[in-house]
Each structure stands twice: as C-alpha cells, then as structure tokens.
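Please find below some comments on the model, set out as numbered points. They begin with one pairing of strands and end with the chain as a whole.

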Amino acid sequence: MAQMDLKKYQPYIIIGVIVLFTLLTLWTRGIPSEGLVTAEGVNLLGNDPWYSLRQVEQTVANFPNYAWFDAMTLYPNGDTIYWGPLFVQIISALCVLAGATARPEIMAVASWVPPLMAAAMVPVVYLLAKKIADWKTGLIAAGLIAVIGSNYAYRSLFGFVDHHIAETLFSTIFVLAYVVALLATRDISLSRKDLETLKIPVITAALAGIAYLLGLFNMPTMILFALIVAAFTLVQFLLDFFQDRSSDYLVLVNAVVFGVAIIGMAAFGFPHPGIGLSLYSVGHVIVYAVLIAGTLALYGLSAILKGRPKYYYPAALAAVAALAVAVLFIALPDIYNLLVSSLISFFGERPVTTTVQEARAWSFAAAWATFHWGLVLAAGGAAALLWQNRERVNPAHVFVLIWTGIILASTAAHVRYEYYLAANIALLAAVFAGAVIDTTWKDVARLLGKGSGGKASSSPGTVEKQEEPARKGKKGGKGPEVRKAKVPPKDHPDYLKVGAFAAVVIVTLLFAGTSLQGNLALATSAKYGGIDSQWMEALEWMGENTPDPGVDYYAIYDRNTFTYPKESYGVMSWWDYGHWITFISKRIPNNNPFQHGVAGPNGSSTYFVSTSEEAANRILDAIGTRYVVTDIQLDTGKFHAPATWADPDAGVERFQPYFLVPVGAGSTNYQPMPFNSQEYYLTMISRLHNFDGSMTDPSSQVLYVEYREEGAANTSLPVITRTEQMNATAGAAAVEAYNRNAPAGSGATLLNMYYQYQGDSILQPLERVPALQHYRLVHETPQNVYGNVGEDGPDLKAVKVFEYVPGATIRGEGIIEVPIVTNTGREFTYQQESVNGTFVVPYATSGWSGEVQATGPYRNAGTGQTFDVTEEDILQGRTIN
C-alpha cells in the first residue's frame, strides 16, 4: 500500500524536487545582487555585459527594432553586430512589460535574466536525462546542473548580462527536441502506406527545427550544432548499415529540422552580406541545404549497397567524401572555405588568442578545477551509454555522445565553451550515477532489509524470483552447478555492488557539494566585482567633461547611409575598456572587446607599443582620436597583450626580455625572469602613463648585465653571467665597451627588474625618454597604485585621460619646462628638449579652464626666457614668437 501511495504521488514529488533545485539555482545566482546594486543601477560584471545593456537601452527606446550596426563603437567606422537579437529582445520585452525605462530599472531587470535562464536549465536537463535514461537520472542531472560551477555559473550570475547562458539554454533545448524527434521517428518508414504515422514524427522534428532557430537567433555559434548533427548523421548511418537497420528516420528528422531552419532563416532575412558563418548570412542556408543533401546522399548510398559486404559502405563514403572535397576545392572554392576552412579556423589557435582569456586552450588543470569529480562521473556515463548500446544502438544515445565529443573538443580549443560543456557533464554524470544505482539497488535494499532484521525489500515495482534449491547429482552427490555457490544467495547482498553503489553516491555528492561550495564562493566574491572604482570615476568624468560626439546614443542607424558628424571623435584605450566607454561615458571608442580595432597598422596594439610619437600620431589622425585613456594594468600586467597583437611572432620579448638567472650565489640552477628594456620605456603607454608625456632622465642606478646567448636547462633563453648596479652614464659606457670586444655568443645590456607596479622600476628608464609633444593630461583618478606613500615616494595614478592636441610651437634650444598641478593635487614639471630649434608644447598657460592646470609660464631652462601659451594657441597649432 505504501508503494502504491508513493507511486501515486511520484509526479508531485518529482515536480517538488525540480522546483527546489530551480530555487537553489536562483538563490546562488542572485547572491551578487547584495553588492552590485547601487542607486545608479547595477555595477555589471565583466566587459561584454555592459554592451548588452547598451543594446537593451537602445532596443527599449526603439522596441521591438534591433540595431545591426552601432555608430557608438569602433570609431570612425562603426561596428557590425554579429550576434542575434533574441537575448536582448527578451530582456527588452521584460523591461517594456515591467515599465522599466530609466537606466537603473533596466539594469535591474536585465541582471535577473541570466539567473532565470540558469533556473530554466534545471527542468530542461531533467527532461533530457529522463529521455536518455529515466526519471531518477533526470533528478540527478537536474540537481547537478543546479550546482555545477565555473564558467557556466559565472556567466549566469546576477549582473553578468550576456548571451552566453542563453547559448547554453537554447542549445540544450535543441538537443532535447532533437532527441525527442529521434525517439519518435526511429521506427518509422517513409513508404506511402505509413504516411499517416508521420504526423507525430514531423511535428517533433519541426519543433526541433524551431528550437534550432531560437538558438540561432541568439548567436550564429549555433551552427556548431549543425556540425554535431552532421557528424551524428554520418556515424548513425554507418551503425544502421552494419546492423541492417533502416535509416529512414534520419532523413525525415534532418530534412524537417533544417528545412524549418532554412525557412526561418529566409523569413528572418540576411542582415550581413557574404556567406560567412560567424554572421547572419546566406551561408547558413547553404550549410543547411548541404546537410539535408548529405543526409539524402548517405541514404541513397546505403540503399544502393544494401546486401553488399559491410565494408563497402565506409569505403564508398571515404571515396565520395574525398571526391566531394576535391570538387569543392577546385570548382567551388567559396563553398570549400565556408565548410572546411571555417571548421579549421574554429578549432585552431593563433598567437593573439593567448591574450584573450576566454579564447585560450583548455588545460587539464583548468578542466579539473572546473568539473573535478564530474569528469570521472561523465566518463563513466559515456562508458555506460556505450555499454548499453553494444547490441542494439539507440540513436539518441549516439547523438548525446557525439554532442559531448564535439563540445569537449571545442572547449579544449577555447576555454569559453566550458559553459556549453556544463550540460554534458551534468547529463553524463547523472547517467553514470543512475546506471550504477539501478544495477546495485537490489543488493543495497537487501543489505538495508537484513540490517533492520526484516526481509529484504526490493525497489518499487520489482518482483523477486524465488531461488531454486540446489539440485543433487547422482547418488546424492552435488551436481555441476554447485560451482556457482560463490554467487551470493538471492536473500544476501552482493557486497561488491553495495560498494559500487556507495562509491558512486559518495563521488556524486562530493561533486555536487564541491561545486555548490565553489558556486557560493564565486557568487560571494562577485558581490565585489564590476568596474573598478577608479575606472568608474574616470569614465563618469569623461561623460560630463568632454565634448558630445554628436551621435544619438539611442538611435538606430543604417550602415549604408550613416555618416559621422563633423564634431565626432574617437577615444583610444585598450580593447578591454571599449564597452565601458560606450555605456558609461557615451563616447565612441576606437576599439572594443570584440577585438575590433586592435590589430593592423592603425590598431590600438600598434599605437600603445609604438616607440615613435610621429608614428603614433599618424594612427590617431587616421582614426580620428581626440582622447587617450591609459591605466596601470595596460602599463604592466596587460602589457604583453598589445605587444603580442602588434607582433604575434616576437610578442613581448622586445620590450620585456626573459633571461635565465642563477637561483642563488654559485648555484647551477636557473630560473627565467623578465626585465624591462629601454624599448619598454619608449612605448606610448609607458611615456603617457608613467611619465605624463614629459621628458624623463634615467634613474640614478641601472642594472648592467653581461649574458651568454646559449641557454641552459634546454631553453633558448640567454643566461646572465654578471650583474652590477651602475649609474646610467657609466652603465651605457660599460655596455659599449663590453660589446665592442665581446666574446662570440656573449653580450651586455642595461635592464631593470620587472615588478609590475609593486616596485617602481616602471618609473626608472635606462636612458633619457623624450617628451611627447601633442598629449596633455586632462584628468587622473585619485588612487595612487603604490598606496599611501610619503612626500618623497612615487605617486602614480590608476587611470589617466589625455587629450591629443595640435600643440603650440615655440622657437628655442635646450630644455623648456612648465609646472603642472593635476586635478588630484599632484604636482609635476613637464619638460621637453628642443628638436631642430623648436619646442611643440601641449599645455596652455592661460585661457584653459580644465582641471589640470599650468601654475606658471613656460620657461627655457637654459636662457630663463618665459612664454605664455593660450588655449587657442594650443588648439590652432600656432607658433609663439
């Protein structure tokens, strides 16, 4: 009776557990709201979420229209929007329904959408696991997806308003729908007699097509799931052929799913030209048509070879594939590039990839840190599915395995796909746990029953077979089957199975508990995330104190007809900060976190590592820059990024070379250490941020280094053989003297230790650094990166804003200087050495109302002559007599 009651209430119990897991997901994802919500809105996490909010504001103002071109980024060209409107329009619709029109309200509504999508993953994963296995597996999977961590958890936190969690949600919905379609159609026949039976299969396949479109309208990366379907189709046709099974269902499912996708894409339109798959182009239709045609070709080939030796089919497939690739390469190179080169590019890696954290390759250490015991369980789940399909293949299982394999390969190539892989790990871990529990439950039940003194009970719905007594052999002897006595009697548990049950339960709980603990720590730390206060201060200042660029922040413009007004201009900074500039300052960055405007002769990377002001100025002139924003991170920890983007082959070596240094005196052990060369101090980022554009003489002490070119410890790095602290003049002379007669393979140079900004070596050039003539500091943030120091200590601010100006020309020789006091009260003297009998100076000594002020006239240090320079002189590029 108790079992019958339990069976009666089982659906309600399942729903209740799913609701609890859903609420747990919402709670953990919502923890950051305690610290991120302010009177001004939400201090969003990361970089891209700020642009998503920019899009939401723009869409709410023009609802339901969506901008495929944005004039408020990537000056002077504007940028194409290459992802879909679904995520932004979901948020915008919620804002419209909630009446959220002000920025703080819009930010609050938007910030809850990622947690809600993560919560929606719980029932979706439950249904998928139930279709793959059973309801118990579904509940385990739902619980695991509720707590699984790292990239998946972070990208679904309150405040991380980006389409990543939507990618995971809608792609998993597609997988669920495709699995349902496979299970509904696997026994159908395409003969005319059975047309009536195709109704449900066609409907389920059409729903899978709609699910695919939802994922596609969120992000073109959904094309990856077309690749998954293509790989699955090929493998399943082979399996079906070897098992003499009809593959009619594959034809039906793929034709309907991608027929719907083609129709939907055609109705959606093609906002992007060309055939690139990273955009919404006609290339998607071509790929879906090729996938359908390929499915039909596989079907036709299997029909032709039916009854032939089994190896004929794979051999014919290999031959046809090779021929098709050759024909495409020769006759249709555009289609070849679309299908083949895009695939190679997707899984490939370039040197600059290492500068983008989410695009780096996945390491085993990172994988274990993210999924730890889930990796072991998921491997067991994959093995369980393979075992279950050893006799008769379930196409849904094959699809899940191939889906996992391709997502795993994607994650190995680019760590960002961890948030896709979370669904696979949760599903397969649950499959393994569920399979082990099913296999071992009877023995666990016997153990529990025996331990309680009663008869062992079985799992609900099972009926125990009565054990037959051992039969006697002739003359009362034991028969041969007595050898089976090692198998425990039916009323005694198999302790090996009980142990397996306990081990899997413990590991699953360990995985879930560790993941939940990590999520709580992640969510708690995120409360203190968002934009650094120094950047917020600088960008708010910029929005209030720089000229309006003349572009309507909320307007939707047509790329083909839009032109920038005369008063518009760009803001140069590193790409990490582009969206912050757009959203907070409502100014137009020259590059952005899509890595657009970074590379090339006029890219920000080339600009920041340029050691020539003339070359740097040509870049700003070409892209219409008026302001340059620098920060301590780009100056130190992120410096490798522009160096690598500017020259992927050489990287940072030119500016911060590595040498092997003995670990201790007389030691034969070496460790690689970075140093700053003079080239680093000559870069634009260093001259601006470290020296305020002023001429700077070398520090009193530099490091003289002698080194041997051939490396030690199997490296190509040079080995330092001698060091000595010297003054700059003596050091330069010693380098010249040593190199004049240096032994082969040896050399000498001047270096400074690389300390990031924990030490002040970034402020100590090795030789004189010339002044910048066309850059003036107009604002700096209050924080000193060296902390609270005395009057004689260094005072370097976290973020600085410079204006690029024509400058006024003063005739003269020697060195000219002017005292400057900044908005924070910091004082410094701007100095410049004449070039060809002239000075070009950037600061006005009168007529300037900015925060950073000259407190006196320009003075020639040699002659004592003074000069007054007006703001008009600076902006008009006049010559002062």
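1. In this predicted model, strand β14 (residues 808–811) runs parallel to β21, and 2 bridges join the two strands. Within this pairing, Thr809 of β14 has Thr879 of β21 opposite.

2. The pairing of β14 with β21 belongs to an open sheet of 3 strands, ordered β17-β14-β21, in which the pairing is mixed. The edges are held by β17 (838–841) and β21 (879–880); each has a single partner strand, so one side of each lacks a neighbour in the sheet.

3. Strand β6 (residues 625–631) deserves separate comment. With 6 of its 7 residues buried, β6 is mostly covered. Strand β5 (residues 570–572) pairs with β6 in the parallel sense over 3 bridges, and Gly570 is found opposite Thr625 of β6. Strand β13 (residues 799–804) is also a partner of β6: here the strands run antiparallel and are joined by 5 bridges. In that pairing, Val629 lies opposite Val801 of β13. Strand β6 therefore has a parallel pairing with β5 and an antiparallel pairing with β13.4. Helix α21 (residues 578–585) is likewise mostly covered, as 8 of its 8 residues are buried. The buried residues are Gly578, His579, Trp580, Ile581, Thr582, Phe583, Ile584 and Ser585. Against which elements do the buried residues of α21 pack? They pack against the helices α3 (48–61), α5 (103–132) and α20 (533–545), and against strand β5. Just after α21, the backbone at Lys586 takes a positive phi of about 55°.

5. The packing of helix α10 (residues 223–242) with helix α12 (residues 283–304) may be examined next. The angle between them is about 0°, and their axes are 11 Å apart. Because angles under 35 degrees count as roughly parallel, α10 is described as roughly parallel to α12. On the α10 side, the contact is made by Ile223, Ala226, Val229, Ala230, Thr233, Leu234, Phe237 and Phe241. On the α12 side, His284, Val287, Tyr288, Leu291, Thr295, Leu298, Tyr299 and Ser302 take part. By class, this contact comprises 12 nonpolar and 4 polar residues, with no charged residues.

6. Is Leu86 buried or exposed? Leu86 has a relative accessibility of 18%, and it counts as buried because the cut-off for that class is under 20%. The residue is found in helix α4 (residues 86–98). Leaving aside residues up to four places away in sequence, Leu86 touches Phe170, Leu214, Phe217 and Asn218. The C-alpha atoms of Leu86 and Met219 are separated by 8.4 Å, although the two residues are 133 residues apart along the chain.

7. Some totals for the protein complete these comments. The protein contains 29 helices and 21 strands. Of its 881 residues, 51% count as buried. The exposed area of the protein is about 38900 Å², and carbon and sulfur atoms supply 59% of that area. Among contacts between residues at least 6 apart in sequence, 73% join residues at least 24 apart.

Key: Residues numbered from 1 in each chain as written. Predicted model: local features only at pLDDT ≥ 70, side-chain atom pairs only at ≥ 80, totals over all residues. Heavy atoms only, no water. Buried < 20%, exposed > 50% of the residue type's maximum accessible area, 1.4 Å probe, protein only. Helix = DSSP H or I, 4+ residues; strand = E, 2+ residues; numbered from the N terminus. Pairing = 2+ DSSP bridges. Contact = heavy atoms within 4.5 Å. Axes fitted to C-alpha atoms, helices over the stretch in contact; angles between N-to-C directions. Parallel < 35°, antiparallel > 145°, perpendicular 65-115°, else oblique. Nonpolar A, V, L, I, M, F, W, Y, C, P; charged D, E, K, R; others polar. Areas by Shrake-Rupley, 256 points an atom, 1.4 Å probe, with all protein chains shown as cover.
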